[in-house]
Amino acid sequence: MPTTPLLPLPDGLEITSISVTEQELHVRVTSNRLSSCCPLCSTPSSAIHSYYRRQPLELPCAGKRIRLLLSVKKFFCRVASCPRKVFTERLPELIEPSSRLTTRLRTMVQAVCAAFNAKGGARLGKQLGIQLSRKTFLRSLLLLPNPPTGKVKAVGIDDFAWKRGKRYGTVIIDLETHDVLDLLPDREAESVKQWLLAHPEIEIVSRDRAGAYADGAAQGAPQAQQIADRWHICKNLGDAVEDYLKRKAIAIPSSPPSDLASAQVKALPALPPPTAPVKRTRASLAKTEQKQKRVDQVKTMHQEGNSIHTIAARLDLARNTVRRYLRLERPVEPTPRPRKPSQLDPFYDYLSERFKEGCSNAHQLFEELQEKGYRGGETTVRSFVTRLRRGLSGMARPPKHAKQGEAVSAVSPRELRWLLAKREQELTPEEQHDLKRLLERSSEIKMLSGLLQSFLEMLRSRQPERLNGWMKEARESGIAELGSFVAGIERDYDAVRAGLTYQWSQGPVEGTVNKIKTHKRLMYGKASFTLLRQKLLHLG
Ligand SMILES: [Zn+2]
């Protein structure tokens, strides 16, 4: 049986016999090639030195493992100047030298491993008839060569948390093709510089406003135009707004009673998650206490004359966090958390209605809901009904219009930040109402809102000539957070101005950063950097 379509082999190889054991199929394959080229000097040789056998694994067949019993030759290299005297026959179409898997099988293993991880790959492999250890899966993935990069015109550079707050890496994206070009194990200027030096063709480097990337780009790609990417500019401004709202402890005042009634009808009802409320409060109190301690620590150190840089380094905090803590005027309060959406949300009205009608049997309600398309668990229904029984229905939400006459809203500064950033035409009637009440709080907020809106408008309409005027206005507003934001722009003025004009979007970079998070989760957070890099480069 020289060949079979079931197991195609390269020319010059022939199947001599097939035998079956309990675990595997043994396929004897002999090479009939009379000569082979020396791997060092490339001179063909037909002077046979000896024969030897390799036993690599091949792709499984019908769930059964296949092992090739491969007879190959060793040749003499007769070239006097060549240091290699004896070499083994090369079969590049079938298998790499000294590999224990055929190339077909290796490729399959790499694909499986890249899609999952070594552990998941090994588990899935078992079902596919590829019984290999986790180590072999891992090694296969690491064997993949870097894909060729080619010419790159515009790159986006950003960091990603390798271990949150502790270790960061850098991701480099082709802004035109959105391909991941590389992952670097740190976010130092030097690494970025070295990478960019290998690509003298790069014309545009888009980056956030961190100093290291700017330095790395200046040294590694002096020919390129640096731009501060719009995504980060917006984010920094948004952070400044949010910091201001937190510092001033700004909340939307509660609505008058007439609004309360209508809002309750319209608004999406919010149930607290069905966990023990006492526990949650205790946990969040502890967290608040801890944060307060931190804030005090920062303030004390600052009064002692330590610089922000020193405090940040000693307490292992971001410098912006230190600045924010120093600006805090009131004691730390727990941040109200927006409620997570529940599977029950769409059935809220129905449930309340049924309860009012007198049905308080959770199991029955659960079954009724299932018929209406509810896909959640019975426990959720049960705890909801319990709340209704305790008369908590109307007060169940931690919502905007919670209690009459109470001036504290449960809308977090983060939500208010997005409210302020929305375009007027995007606001729902309810949001318009909220915004109006928010702006009534003080003339300072009105000013902040105006400055935020005009900055975003400048970004959208790409009008860098308005930047200087805006900076002047923001500085004169006297709002400390905006002052810091403007100071940041001044430090990186050219790149920010360029960022207002260029249309390269940093979106794909942020997308990759999110993708990295997913991959890290898939790898149970223990992925080694090399593994993560391989996955990103080969799977995209
Ligand atoms: Zn040779």
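**Exercise 1. Packing around helix H19**

Find which elements the buried residues of H19 pack against in this predicted model.

*Solution.* Start with the helix itself, residues 493-501. Its buried residues are Ala-495, Val-496, Ala-498, Gly-499 and Leu-500. Next, look for their partners. Two are strands, S12 (204-207) and S13 (225-228). The others are helices: H6 (230-247), H16, H17 and H18 (480-491). To read the pattern of buried positions, recall that an α-helix has 3.6 residues a turn, so residues three or four places apart point the same way.

**Exercise 2. An aromatic pair between two helices**

Classify the ring pair of Phe-455 and Trp-470, and place both residues in the fold.

*Solution.* Begin with the count: the structure holds 5 aromatic pairs. For Phe-455 and Trp-470, the ring centres are 4.7 Å apart, and the planes meet at 65 degrees. Planes over 60 degrees apart count as edge-to-face, so that is the class of this pair. Now turn to location. Phe-455 belongs to helix H16 (residues 443-460) and Trp-470 to helix H17 (residues 467-476). The pair therefore ties together parts that lie 15 residues apart in sequence. Both residues are buried. Finally, extend the search beyond the pair: Phe-455 and Trp-470 form one aromatic cluster with Phe-485.

**Exercise 3. The zinc site**

Work out which atoms coordinate the zinc ion, and determine the geometry of the site.

*Solution.* First, list the donors: the SG atoms of Cys-38, Cys-41, Cys-77 and Cys-82, at 2.3 to 2.4 Å. Second, check the angles among these 4 donor atoms, which run from 101 to 113 degrees. Four donors count as tetrahedral if all angles lie between 85 and 135 degrees, so the site is tetrahedral. For comparison, the ideal angle for four tetrahedral donors is 109.5 degrees. Third, write the donor spacing along the sequence: C-x2-C-x35-C-x4-C. The pair Cys-41 and Cys-77, 36 residues apart, links distant parts of the chain. Cys-41 is in the loop between strands S3 (36-37) and S4 (44-45), while Cys-77 is in the loop between strands S7 (64-76) and S8 (86-88). Last, compare accessibility. Cys-41 is partly exposed at 27% relative accessible area, whereas Cys-77, at 8%, counts as buried.

**Exercise 4. Charges over rings**

Identify the aromatic residues whose faces lie under Lys-372 and Arg-417.

*Solution.* Take the lysine to begin with: Lys-372 lies over the face of Tyr-350, at 4.7 Å from the ring centre. Then take the arginine: Arg-417 lies over the face of Trp-418, at 4.9 Å from the ring centre.

**Exercise 5. Positive phi outside glycine**

Locate Ser-98 and Arg-462, and decide whether each is buried, partly exposed or exposed.

*Solution.* Ser-98 has phi near 60 degrees, a positive value in a residue other than glycine. Its place is the loop between S8 and helix H1 (103-115). With 71% relative accessibility, Ser-98 counts as exposed. Arg-462 also has a positive phi, near 50 degrees. It is found in the loop between H16 and H17, and its relative accessible area of 35% makes Arg-462 partly exposed.

**Exercise 6. The whole chain**

Summarise the secondary structure, burial, contacts and surface of the chain.

*Solution.* Count the elements: 21 helices and 13 strands. Of the 540 residues, 43% count as buried. Then consider contacts between residues at least 6 apart in sequence: 59% of them join residues at least 24 apart. Finish with the surface, where the chain exposes about 29,600 Å², with carbon and sulfur atoms supplying 53% of that area.

Methods
Residues numbered from 1 in each chain as written. Predicted model: local features only at pLDDT ≥ 70, side-chain atom pairs only at ≥ 80, totals over all residues. Heavy atoms only, no water. Donors = N, O, S within 2.8 Å, 3.2 Å for Na, K, Ca; no water. Tetrahedral: all angles 85-135°; square planar, octahedral: opposite > 155°, others 65-115°. Helix = DSSP H or I, 4+ residues; strand = E, 2+ residues; numbered from the N terminus. Buried < 20%, exposed > 50% of the residue type's maximum accessible area, 1.4 Å probe, protein only. Phe/Tyr/Trp six-rings, centres within 6.5 Å; stacked < 30°, edge-to-face > 60°. Lys NZ or Arg CZ within 6 Å of the ring centre and 35° of its normal. Contact = heavy atoms within 4.5 Å. Areas by Shrake-Rupley, 256 points an atom, 1.4 Å probe, with all protein chains shown as cover.
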